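Me: I would like to go through this model with you, beginning with its nonpolar residues. Could you take my questions in turn?

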Amino acid sequence: PAAVADVARLLAAASAAPVRRDGVFDWLSGPDAQVEVTSIDGTVLPGQLVPILDVPSLAVATGAANVRVAFAIGESAGRRHGGPASAEVRIDLEGVDRTGAPLRTNHYLLHPEGQRPLTALGVALGVERLLGLRGTPVQPGLHTPEALIDPRYAAERLTEIGATFTDAHGGPASPLGCSSGRSPRLDI
């Protein structure tokens with residue numbers, strides 16, 4: 001219930017969501033911001049593009065020409081299959097890899113205990129880095145997580161706390177093998 005209330009406040013505070021389409025940043029609202037989000041078990045949930053800074057951050061970090069972040073609230077696959085409420089993050093990449101070969105992957109980051117452990121780890125990794133406990137000292141200023149936290153290290157820590165990375169068909173996937181390449185499409 002608290003997470004649902006937080007999302008409602010977020011969506012009420014901003015009437016449009018940033019997206020990047022074909023290399024151009026834009027804002028979508030109303031019906032244009034309504035999307036469908038497919039869960040790992042194939043269930044399609046109504047979702048909405050959300051107004052968060054991850055869109056420009058991901059676009060700059062990956063060079064992706066297309067980036068959007070959508071959020072859906074509903075019964076999780078874990079709950080539908082008799083377990084506790086789980087967290088799912090779907091990551092779709094489409095474009096070319098670093099060698100110029102076509103790339104199309106669909107993966108999920110899953111945690112059986114929901115969003116709380118993922119958020120807690122994100123905060124811990126950020127604080128660890130800002131305090132200089134990992135890596136070189138951070139200069140004063142505003143920093144985004146991807147500018148400070150090594151993705152490989154974050155992926156390792158995620159698996160340590162019980163998160164899994166799977167392909168869209170349920171098989172294991174390496175989060176480190178998802179190279180963005182030169183101009184991927186990145187839909188989250």
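Reply: The answers below concern a predicted model.

Me: Which residues of the largest nonpolar core touch the most other members?
Reply: That core has 14 residues, and those touching the most other members are Leu 109, Leu 118, Leu 125, Ile 149, Leu 158, Ala 163 and Phe 165.

Me: And which elements give two or more residues to this core?
Reply: Helix H4 (115-130) and helix H6 (151-160) do so. H6 provides the largest share, four residues.

Me: Which residues is Ile 149 in contact with, leaving aside neighbours within four places in sequence?
Reply: Ile 149 is in contact with Leu 125, Gly 126 and Ala 154.

Me: What other core lies apart from the largest one?
Reply: Another core, of seven residues, lies apart from it; Ala 17, Leu 28, Val 35 and Leu 49 are among its members.

Me: Turning to the surface, which residues make the nonpolar patch?
Reply: Val 123, Val 127, Leu 131 and Leu 133 make a nonpolar surface patch of about 410 Å². Val 127 lies in helix H4.

Me: Why does Val 127 count as partly exposed rather than buried?
Reply: Its relative accessibility is 40%, and partly exposed covers the range between 20% and 50%, so Val 127 falls in that class.

Me: New topic: where does Gly 63 lie?
Reply: Gly 63 is in the loop between helix H2 (54-62) and strand E5 (66-68). Its relative accessible area is 37%, so Gly 63 is partly exposed.

Me: How far apart are Gly 63 and Gly 23 in space?
Reply: Their C-alpha atoms are 8.8 Å apart, while the two residues are separated by 40 residues in sequence.

Key. Residues are numbered from 1 along each chain as its sequence is written. This is a predicted model: local features need pLDDT of at least 70, side-chain atom pairs count only at pLDDT 80 or more; totals for chains, interfaces and linings use all residues. Side-chain values use heavy atoms; hydrogens and water are left out. Buried means under 20% relative accessible area, exposed over 50%, partly exposed in between (1.4 Å probe, protein chains only). A nonpolar core is a set of buried Ala, Val, Leu, Ile, Met, Phe, Trp, Tyr and Cys residues joined through side-chain atoms within 4.5 Å. Contact means heavy atoms within 4.5 Å. Patches are made of residues with over 30% relative accessible area and no salt bridge: like charges are joined within 9 Å, nonpolar side chains (Val, Leu, Ile, Met, Phe, Trp, Tyr) within 5 Å. Accessible areas come from the Shrake-Rupley method with a 1.4 Å probe; for residues, only the protein chains shown count as cover. A salt bridge is a side-chain nitrogen of Lys or Arg within 4 Å of a carboxyl oxygen of Asp or Glu.
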